Amino acid sequence: MSANSSLHSEIRCQTCSIRRLCLPVMLADSEIEHLENIVQRKKVLKKGEFLFHAGDDFDAIHAIRSGSLKTYTISSDGTEQITGFHLPGEIVGLNAISSTQYPSFAKALETSLVCSIPFDKLETLSRDIPGLQKQLFKVMSGEIRDEQELMMLLSKKNADERFAAFVMNLSARFGRRGLSEKEFQLTMTRGDIGNYLGLAVETVSRLVTRLQKKELISIQDRYIQITNMDELSELAGTACHT
């Protein structure tokens, strides 16, 4: 048996740990089996490897089973602009549905496993399974909502508030995955965070130091612990969700 066959046999939608976050959440077992038949198990992406490049033909949406990715664009002058960080259970490539090409690059921030779903087959299957179509729309709506909420938080904040909003957003997303809201790993570099938030990397480092002195967070290497959720949430301008 090949490595890919072995991987496919070990990981199935029915037993996947992120099933409740992904497309099969609203489906009956018999319907999940139909979805299972079109899902393509990608080989493991190593840190720095690409899932797709900007300009590649759009052929599938991709569900992150484990690990994390960043998406970004490159301007005409060669400047990279990070457009998002993506965690297990989230789907990458939805913004390409209206086009024939992926508009951004998607690169693994760590060793990651991705399930790819050919979009033409997904469209056909969705017509036969109303629950799948409804869940696809729900996932797309949720992605749009989360992006809009984060952009609203980040657009009117000073540097401290912006960084706090970023951490609180990650906290909420990890919490929805049944993981700790207060302790998690930042798989992105401080340079990546600064790029995403529109801050210099030196500013990010100063923010980390300042929030640690205020005892709102504690960071060792890239492992962050939120030590005062209420005050960090207040700083971010969000309602504390604990």
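**Exercise 1. Identify the residue of β11 that is the bridge partner of Ile217, and describe how β11 pairs with other strands.**

Solution. The model is predicted, and the pairing is read from its coordinates.

Step 1. Within β11, Ile226 is the bridge partner of Ile217.

Step 2. Strand β10 (residues 217-220) runs antiparallel to β11, and 4 bridges join the two. Together β10 and β11 form a hairpin with 2 residues between them. Asp221, in the turn, has a positive phi of about 55°.

Step 3. Strand β9 (residues 183-185) is also antiparallel to β11, to which it is joined by 3 bridges. Here Gln185 stands opposite Tyr223.

**Exercise 2. Determine which side chains of β11 (residues 223-226) are buried and which are not.**

Solution. Step 1. The side chains alternate along the strand. Ile224 and Ile226 point to one face, whereas Tyr223 and Gln225 point to the other.

Step 2. Ile224 and Ile226 are buried; Tyr223 and Gln225 are not. The bridge partner of Ile217, Ile226, thus belongs to the buried face.

**Exercise 3. List the buried residues of helix α2 (residues 29-36) and establish how they are arranged about its axis.**

Solution. Step 1. The buried residues of α2 are Ile32, Leu35 and Glu36.

Step 2. Viewed down the axis of α2, these buried residues fall within an arc of 100°, so they line one face of the helix.

Step 3. The general rule is that an α-helix has 3.6 residues a turn, so residues three or four places apart point the same way.

**Exercise 4. Locate Glu90, decide whether it is buried or exposed, and describe its surroundings.**

Solution. Step 1. Glu90 lies in the loop between β5 (80-86) and β6 (91-92).

Step 2. The relative accessible area of Glu90 is 7%. Buried means under 20%, so Glu90 is buried.

Step 3. Leaving aside neighbours within four places in sequence, Glu90 is in contact with His62, Ala63, Ile64, Phe85, Glu143, Arg173 and Arg177.

Step 4. For one of these residues, Arg173, a polar contact of 2.9 Å joins its side chain to that of Glu90.

**Exercise 5. State which elements have the lowest and the highest mean pLDDT, and assess the confidence of the whole model.**

Solution. Step 1. The protein averages a pLDDT of 84, and 86% of the residues score at least 70.

Step 2. Among its elements, helix α1 (residues 3-10) has the lowest mean, 45, and strand β7 (residues 105-108) the highest, 97.

Step 3. Over residues 1-9 pLDDT stays under 50, and the model has 9 contacts beyond four places in sequence for this stretch.

Key. Residues are numbered from 1 along each chain as its sequence is written. This is a predicted model: local features need pLDDT of at least 70, side-chain atom pairs count only at pLDDT 80 or more; totals for chains, interfaces and linings use all residues. Side-chain values use heavy atoms; hydrogens and water are left out. pLDDT is the predictor's confidence in each residue, from 0 to 100. Contact means heavy atoms within 4.5 Å. Buried means under 20% relative accessible area, exposed over 50%, partly exposed in between (1.4 Å probe, protein chains only). The arc is that of the directions from the helix axis to the C-beta atoms. A polar contact is a pair of N or O atoms within 3.5 Å; within protein, one must be able to donate a hydrogen and the other to accept it, and residues adjacent in sequence count only if both atoms are side-chain atoms. Two strands pair if DSSP finds at least two bridges between them.
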